[in-house]
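Me: I have a chain in front of me and some questions about it. Can we go through them one by one, with short answers?

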Amino acid sequence: MDDLQLWIATIKTWYREDNPHNIEPLIAIISATPARLFTAPDLNPNKQNNHNYEEALAYWLDGCQKISQFHRQQQPELAFTYIQLPYAKLQALICDPQQGATTKRWGLKKLDSIIVKLLEFCQYQQPQHWQQQRRDLIDLHVIFMAAQQHLNLRY
């Protein structure tokens, strides 16, 4: 069993326990995500490897979202970080020339949903700096998407 398979088994175990308030183990699992999750998978005709890769990405994204939701009221800065992290990782994944079209298409779709979450998060925060953060996010997202030369429209 390689590191990614072990990581998938570990995060699946956390989900099977079905205890959303036991967030510390999830934080440890997300922190220990193998770096190769964010690089191109082996271009192997084996569909099982591709499925494992996509499944691992989905678990990772959902785990980040659960951590963010858990910290939303008490530690908004930390909660925001756990939304920004997947946004940044997906941007890198989309820009990786080794990634296949399917992964890029999936990443672009997820990126759109994450930017909405980031903007909603900022909108509901009271301090004024969050409103400036929201405006900056919009500007930076537009710049990033323009640099993708409308890849999101081609997929």
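Me: At what angle do helix H4 and helix H5 pack?
Reply: This is a predicted model. Helix H4 covers residues 76-95 and helix H5 covers residues 101-123. Their axes lie 9 Å apart, and the packing angle is about 155°.

Me: Are H4 and H5 roughly parallel or roughly antiparallel to each other?
Reply: The two helices pack at about 155°. Angles over 145 degrees count as roughly antiparallel. Therefore H4 and H5 are roughly antiparallel.

Me: Is the crossing of H4 and H5 left-handed or right-handed?
Reply: The axes of these two helices are 9 Å apart. The crossing of H4 and H5 is left-handed.

Me: How many nonpolar residues does the contact of H4 with H5 have?
Reply: Sorted by class, the contact of H4 with H5 includes three charged residues and four polar ones. The nonpolar residues in this contact number 17.

Me: How many helices does the secondary structure of the chain come to?
Reply: Along the sequence the pattern reads α-α-α-α-α-α-α. The strand count is zero. The helix count is seven.

Me: What share of the residues of the chain count as buried?
Reply: The chain has 155 residues. Buried means a relative accessible area under 20%. The share that counts as buried is 37%.

Me: Among contacts between residues at least 6 apart in sequence, what share join residues at least 24 apart?
Reply: Here a contact needs heavy atoms within 4.5 Å. Of the contacts in the chain between residues at least 6 apart, those joining residues at least 24 apart make up 65%.

Me: Is Gln-131 buried or exposed?
Reply: Gln-131 sits in helix H6, residues 129-147. Its relative accessible area is 14%. The cut-off for buried is under 20%. So Gln-131 is buried.

Me: Which residues does Gln-131 touch, not counting those up to four places away in sequence?
Reply: Gln-131 belongs to helix H6. With residues up to four places away left out, Gln-131 touches Cys-122, Gln-123 and Gln-125.

Me: Which side chain meets Arg-36 in a salt bridge at 2.5 Å, N to O?
Reply: Arg-36 is partly exposed, at 35% relative accessible area. The partner at 2.5 Å is Asp-2. The pair links distant parts of the chain, with Arg-36 in the loop between helix H2 (23-31) and helix H3 (47-71) and its partner in the segment before helix H1 (3-17). That partner, 34 residues away, is Asp-2.

Me: How many residues apart are Asp-3 and Arg-36?
Reply: The side chains of Asp-3 and Arg-36 also form a salt bridge, at 2.9 Å, N to O. Asp-3 is in helix H1, while Arg-36 is in the loop between H2 and H3. The separation in sequence is 33 residues.

Me: Which residues do salt bridges that share partners join into one network?
Reply: Arg-36 meets Asp-2 in one salt bridge. Arg-36 meets Asp-3 in another. The resulting network consists of Asp-2, Asp-3 and Arg-36.

Me: In which helix do Asp-62 and Lys-66 both lie?
Reply: Their side chains meet in a salt bridge at 3.7 Å, N to O. Asp-62 is partly exposed at 27% relative accessibility, and Lys-66 is partly exposed at 32%. The two residues are four apart, about one turn of the helix, and both lie in H3.

Me: How many salt bridges does the count come to?
Reply: The rule asks for a side-chain nitrogen of Lys or Arg within 4 Å of a carboxyl oxygen of Asp or Glu. Asp-62 and Lys-66 are one such pair. The count comes to four.

Notes. Residues are numbered from 1 along each chain as its sequence is written. This is a predicted model: local features need pLDDT of at least 70, side-chain atom pairs count only at pLDDT 80 or more; totals for chains, interfaces and linings use all residues. Side-chain values use heavy atoms; hydrogens and water are left out. Buried means under 20% relative accessible area, exposed over 50%, partly exposed in between (1.4 Å probe, protein chains only). Axes are lines fitted to C-alpha atoms, for helices over the stretch in contact, and angles run from 0 to 180 degrees between N-to-C directions. Angles under 35 degrees count as roughly parallel, over 145 as roughly antiparallel, 65 to 115 as roughly perpendicular and the rest as oblique. A crossing is left-handed if the near helix is turned anticlockwise from the far one by less than a right angle, and right-handed if clockwise. Ala, Val, Leu, Ile, Met, Phe, Trp, Tyr, Cys and Pro count as nonpolar, Asp, Glu, Lys and Arg as charged, and the others, Gly among them, as polar.
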